[in-house]
Structures are given as structure tokens and as C-alpha cells.
Amino acid sequence: MLKYLLLLTLLFSLLHASEQVEFYAKHLDQEGTKVIADGDVLVIYQDIVITADRATYDQNSTVLELFGNVVTLKGSEYQLLGEHVKLNMQEKKREISPFFMLEKESQLWMSAQKSATCDNIFEVEGGIVSGCDPDNPMWEIYFTSSDYDDETKWINLYNARFHIGGIPVFYLPYFGYSTDRTRRTGLLMPSFGLSGSEGVYYQQPLYIVVGDAVDVELRPQVRSTRGSGLYGTLRFVDSRYSKGEITLGYFAEKESYFTDNNLQNDTHYGFGFKYANTRFLQEWFGLDLDGQSGLYSDVKWMNDVDYINLSSSDTINNVTSNQVYSRVNLFYGEEDNYYGAYFKYYLDLDPLNIDKRKASIQKLPIIQYHHYLDTFIDQHLYYTLNMNANNYGREQGKKGEEMELSIPITLQTSLFDEYLNIAYKAKLDGRLIDFRGDADVNVSDAIYEQGFYGSFSHIFEAGTSVTKAYEENVHTMGLLVSYTKFGTDQKTGYYENVEPECASGVSTSLDCEFYTLSSTDDNVKIDFTQYVIDTQGKEKIYHRLSQPIVVSENSEKNGLGEFENEFRWNITNRISFYDNSFYNFQRHEWSKTLNTIRYNDGMFNVGLSYLYENKRYKDPLYPYTNYLNADLSYRYDSHYRYFTKYAIDVENNIKKYAEVGFLYSKRCWDFGLRYVENNRPVLLNGGVTSSVYDKYVYFTIIMKPLGGSEVNYRTSDVLKSR
């Protein structure tokens, strides 16, 4: 048995801790105090497993030496390779030469001539680190010395020289990184940039672990000729059902940049708060409820939009709107009923519209009750109920409260062996509005009487749906015709006072601020829908036609309403087309159309979309929207991807966005280059809006798993004020 397998269990008295070492080999000899093992040597010590061709062990010195193809495995964390390994069991020291270490999870490896280890510290003399294939690495870091702490999972490299494709790129006297993939405090990937107007840009995020459920990310930044700032985000998980984050930021402009660019503000600051809880009633108040409760908050405040734009170096993230929307939603739903409360707040950042901001109506809050659909009489009679209470508040001007009630009752059945479905719906709607506060100076206070609105309408529906299967497809068609008859309605107070001016729905008068009633004209609506689905359940064609027809007693209103055509066609597995168009028969013109066509075969992905909208009857200053978008990407192989995008405002002949670039990606690194042009508005002193044309060059390099950075160069030109 000793010729094939010999097991020695040695309890080394000199280790004091009485640690057990298991020794396996095909052949075993002993010369005095030295044990010699040969052939498939296996040593198991603590959580370390070592294999080698040959080994010797001196019982006096407790020195174990292994020779030839030595492989050391520690759990599932890392792997050490060498030709000669010397372990002093008493002093707990190890020497490996030549030395090769592989960290299994990240596939990061280190190679050197020699390594010495004491306890948990590896000391390495002159070597290479990389995360790529050792036979032909795309990137390497050469160093003169290194040390690695097995407990903290931290590696220090001294005199580090970074090589890419065998070419030296840059030098650092010291470079350290962690092989630990768990949450821990440390530096995140930095961003660098160079701008023709803002100078050198540098942002270095810092990640701080406060506790198991709390962390902080600080993002200090410097723009050498513009200014500096600090943004920070605190993220937390306060229960298994909830989490949130708080963001604060501040950026100070340099006096020279602020003056030369005639900016509105010399500092930009703000905050944000996001929170979500899917059981807040049960968790916060200890209520034993069978239904589901929820809370969602997204609150933002800032002094101008540059607070957002300066938080990132990427122009794609820029915000161009002067209006910021915040909301807090709460709800509770059970089997039959739903309760909700919604707080909505719009912040207008335009300094020229301070009066408008104060006069903007905020809905704080909206209270909703909804009773889910109930059925009677063998599923032929249905009813539901919906109630809303709206509180209209604002800093300046009239405020109000409005109650809404809607009760639709539906009676339906099928005829002719379910080929024809018919339904009658009686709908009762009611509203009550009351006001408080002072009226705007431009509006007569007399119109703000307490108002009541009630209506009772009848809706008759008849529809059919047929399906036919073919060899390769299934075709479904549906036709629904509905006739809405407004039997009676009554208005008093505010609703009656402003009806002549506001009922058209296009008036911009301040009198109509609280008027939310829709048209009460009798109408017929025809909806046609068809689907074609293949045998795999994949949609081939979706087509919908909708045509309302007004049949009012007032002959001037009679006629065809706005016709809608929606068409989606997956022409092949690679080609798709979408169209959504509206035609207005009253004005004899297309009011809106959106068209998109795309080709995607996995290698090429090409898309073209066009948007046209005619708004001259509502907005004579900006009557037309005419917008064209195009994008193209090409995946050469599993590593190379090329892409480009282009967007133009056709109506004003202005290029809005352009991008071209490529990305090379492998297991161990990403390398990318892209050129971006972006047209964005900025706010100048005096509230004047100017268009700025940014031109960026982005250079991205990420050495996996160590990290990397994105470097960008930007030039900016002020185009024109408007």
C-alpha cells in the first residue's frame, strides 16, 4: 500500500497550537528526521491544499519543502503556483519561487520571481499584475515590489508602470487596489476632462460604508477655469420593505467665469430625496392589514438647472427644462377598495417668471377612493365608483377645493352565439368646487362662486371579435362602435360663469385655470383593431383605427373628429415599422405623426424616426414640431461595436444632437472613444435664454476588475439668444 498511497497524520509539537497536517503521497521514505515524499504529493493544512511532484519535511526544523508543479489552493479565494515552495511550520513563513497567484473570483493574477509570506502578508519582489489572458495580456502593470494582505484583501504596488498592448502608458510611484468584492470604503472610478471653456475637469468619488444598511458617496469635482463643487448621496435601507436616498449638492462659479459668461447665478445648489416603502402602514403603525400599502417619494429642489448639469461630465445627462417635478404618493389597496393620496409640486426655475411661479397651481394633495368593478345578475351588470378630492394651492391668487364623483353602471350581454357583444352604460358624474384667498388682479373675483356640475350620460356599445387560424399565423379582428348621449347636465356658480369662454378647451384665459370639464357633445366613436400573431405567439401586425364623429344639436360642431391610425408591423424578424398618425378633418391637415423604422440582425442595428406636430391653433409662436432622429450601431464581433446617432430640428434647421464612436470590450478591459455634439439652452443674466453648442470627445478605459476612468474634452460655443 505504501507504494501507491501512504497517509501520514503528523501532530507537530513545535506548532504549539497542535494544528494537524495531512500528508499524502505514492512513495514515502525517511532519512533520520527527514521525511521524503515522491509522486502525487498532497498536503492539507488548515484550509490550504497543496499539490506537488515531490516534498521533504524535516521534523526538527518543521520545514516543509515542495518541488515541481506546486499548486496551492486556499478555499475558493485564490490559487498560487510555483516550482519551489518552502514552508516553516513553526514560524508560519512561506517562500514561493517563481511565484504566480490567481484570484479566482475576479480572475486577477500576479506573477513574480519570488514571494515571501508571513502569517497573512505576501511580500513580492518585482512582478506583473493583469486581469487578461496571461499568454497575451492586453494590459499589464509592472512593479518593483508589492505586498498583499490576505485578511483585508488589499494589494499595494510600488513603482507601478502601466502597459497597454505592450506599450508603457503612464507611471505611478504607488498604486493600491482591493480584490474584495464586498461593500467597503474606498475610492470609486474617477472622471477626467478638458474643456475649452471650463478648463481641466476632475471628479473623484469616495464611497463610505457607514453600516450594513447605510452608505455614502461623495463626489468632489474641480473645473479649473469655472469653479468647484461637491455632490453627495446617502443611501439607506431601513427595513426589508423600504429603501431611500438623500442627495445634496453645491457648486460655486469662479468670479471670472461668472462675469465673462453673464450667468444668472454664481452658485448652484439643491437637494433630492427618494424613498419607497411597500408596507408603510403595517410597518410604521403596526396595523394588521390584509391589503397592500405603499409610499413613494421623489422630491427635488434646486436654484437652477445647472445644479443637475454640473453633477456630471456627460452632456447626455443635461437637463434643458426649467420646470422640476416633485411628487409623494401613498396608497392602500384591498380586495374591493383602493385609497390613495398624491402630492404633486411643480417648481419653475425661470427667474423672469417669479410671478408665474407664485401663481402656479399645485395639487397638494389629491385624495382618491376607488371601488373595484363589481358584478351582479350572472355577470351581466357591472358597476364601479371613483371619487377624487383635489386641493388646489399656490402662493399667490385664488385657491380651491374640488370634489369629483363618477359612477358608471354597465349592463352587457352577448348575442348570436357570442359573435355580437352589446352593452349599455349609464354614467353619473358630479363635481363641486369652492374657493378661498384673493383673486388675481387680472381676473374678476365675481366668477369665483361656489360651483356645482352634474351630468348623466348614456353610452351604447356594440362590438364583435373574430379569430381565424392559418398554417403560420392567427388573425384576430375586432370592431367596436359606441354612441355617447349626454342626457342632461347642470352647471352653477364657477362652472356656469366661465363656460362660454372655457368650454372650447383651447382658451388660455386666467378665468379657465380651474375649469377641467370636457366637451359634452354627443358623439359616435368607431374603433377597429386587428392582430396577426404567428404560431410562436409573436406579434406580426398590430393595427388600430379610431374615428370619433360629433353629432351635436349645434350643426356647426357636427362632423368627423380627429382620426387616428396606429400601425405596428414586424415585417421580418429583423425589420419593424411603427406609425401613429392623427388627421384633423375640421382643418383638413395632419395634426401629428410619428414614424419609426428599424433593422436589427444582431450585427447591424439601424433606426430612423420622424415626429411632426401641428400646434398652430394652440400655440401660434411655436406652431410646428418637426424632428428627425437616426441611429446606427454595428457589432463587428464579440469585442468591437461601432455606433452613431443624429438628431435634427428640421423646422428650425438646427442640429440638436450628434454622436459617433466605438467600444472595444473583452473580459479584462473596455476601451472606447466617442465624439458628441449637443445643443442645449442656458440661462443668462436677466433671464435671457441662449443656446450653447457643446462638442465633446470621450475616451473610456476600464481595466477589469481594477476599474478605470472616462476622460473627455469639450469645446462650447454660444450660438444665439432667443
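Two strands pair if DSSP finds at least two bridges between them. With that in hand, here are some exercises on this predicted model.

**Exercise 1. Find the strands that pair with S39, and name a pair of facing residues for each partner.**

Step 1: Start with strand S38 (residues 604-614), which runs antiparallel to strand S39 (residues 624-635) and is joined to S39 by eleven bridges. Here tyrosine 612 has asparagine 626 of S39 opposite it.

Step 2: Now turn to strand S40 (residues 640-649). Nine bridges connect S40 with S39, again in an antiparallel arrangement. Aspartate 631 faces lysine 645 of S40.

Step 3: Look at the connection. Four residues link S39 to S40, and the two strands make a hairpin.

**Exercise 2. Work out which strands S18 pairs with, and how many residues separate S18 from S19 in their hairpin.**

Step 1: Strand S15 (residues 186-187) and strand S18 (residues 206-211) are antiparallel and share two bridges. That count can be set against the cut-off, since pairing needs at least two bridges. Leucine 187 has leucine 206 of S18 as its bridge partner.

Step 2: Strand S19 (residues 214-223) also pairs with S18, through five bridges and in the antiparallel sense. Within this pairing, isoleucine 208 lies opposite valine 216 of S19.

Step 3: For the hairpin made by S18 and S19, the answer is two residues between the strands.

**Exercise 3. Take three salt bridges and decide what parts of the chain each one ties together.**

Step 1: The whole structure holds 25 salt bridges. One of them joins aspartate 40 to lysine 26, with 3.2 Å between the closest N and O atoms. Aspartate 40 is in strand S4, while lysine 26 sits in the loop between strand S2 (20-25) and strand S3 (27-31), so this pair links parts 14 residues apart in sequence. With a relative accessible area of 54%, aspartate 40 is exposed; lysine 26, at 37%, is partly exposed.

Step 2: Glutamate 198 and arginine 223 form a salt bridge at 2.8 Å, N to O. Glutamate 198 belongs to the loop between strand S16 (191-195) and strand S17 (199-203), and arginine 223 to strand S19, so parts 25 residues apart in sequence are tied together. Both residues of this pair, glutamate 198 and arginine 223, are buried. They also belong to a network of salt bridges that links Glu198, Arg223, Arg226, Glu253 and Asp306.

Step 3: Arginine 394 meets glutamate 513 in a salt bridge, also listed at 2.8 Å, N to O. Arginine 394 is in the loop between strand S27 (381-393) and strand S28 (399-415), and glutamate 513 is in the loop between helix H5 (493-502) and strand S32 (523-534), so the tie spans parts 119 residues apart in sequence. Arginine 394 is buried at 9% relative accessible area, whereas glutamate 513 is partly exposed at 27%.

**Exercise 4. Classify aspartate 38 and histidine 543 as buried, partly exposed or exposed, and place each in its strand.**

Step 1: Aspartate 38 is part of strand S4 (residues 34-45). Its relative accessible area is 38%, so aspartate 38 counts as partly exposed. Together with Asp29, Glu31, Asp53 and Glu83, Asp38 forms a negative surface patch.

Step 2: Histidine 543 is found in strand S33 (residues 539-550). A relative accessible area of 14% makes histidine 543 buried, because buried means under 20%.

Step 3: For a neighbour of histidine 543 in space, consider glutamate 566. The two C-alpha atoms are 5.8 Å apart, although 23 residues separate histidine 543 and glutamate 566 along the chain.

Methods
Residues are numbered from 1 along each chain as its sequence is written. This is a predicted model: local features need pLDDT of at least 70, side-chain atom pairs count only at pLDDT 80 or more; totals for chains, interfaces and linings use all residues. Side-chain values use heavy atoms; hydrogens and water are left out. Patches are made of residues with over 30% relative accessible area and no salt bridge: like charges are joined within 9 Å, nonpolar side chains (Val, Leu, Ile, Met, Phe, Trp, Tyr) within 5 Å. Accessible areas come from the Shrake-Rupley method with a 1.4 Å probe; for residues, only the protein chains shown count as cover. A salt bridge is a side-chain nitrogen of Lys or Arg within 4 Å of a carboxyl oxygen of Asp or Glu. Lys and Arg count as positive and Asp and Glu as negative; His and the chain ends are not counted. The place of a charge is taken as NZ of Lys, CZ of Arg, CG of Asp or CD of Glu. Buried means under 20% relative accessible area, exposed over 50%, partly exposed in between (1.4 Å probe, protein chains only).
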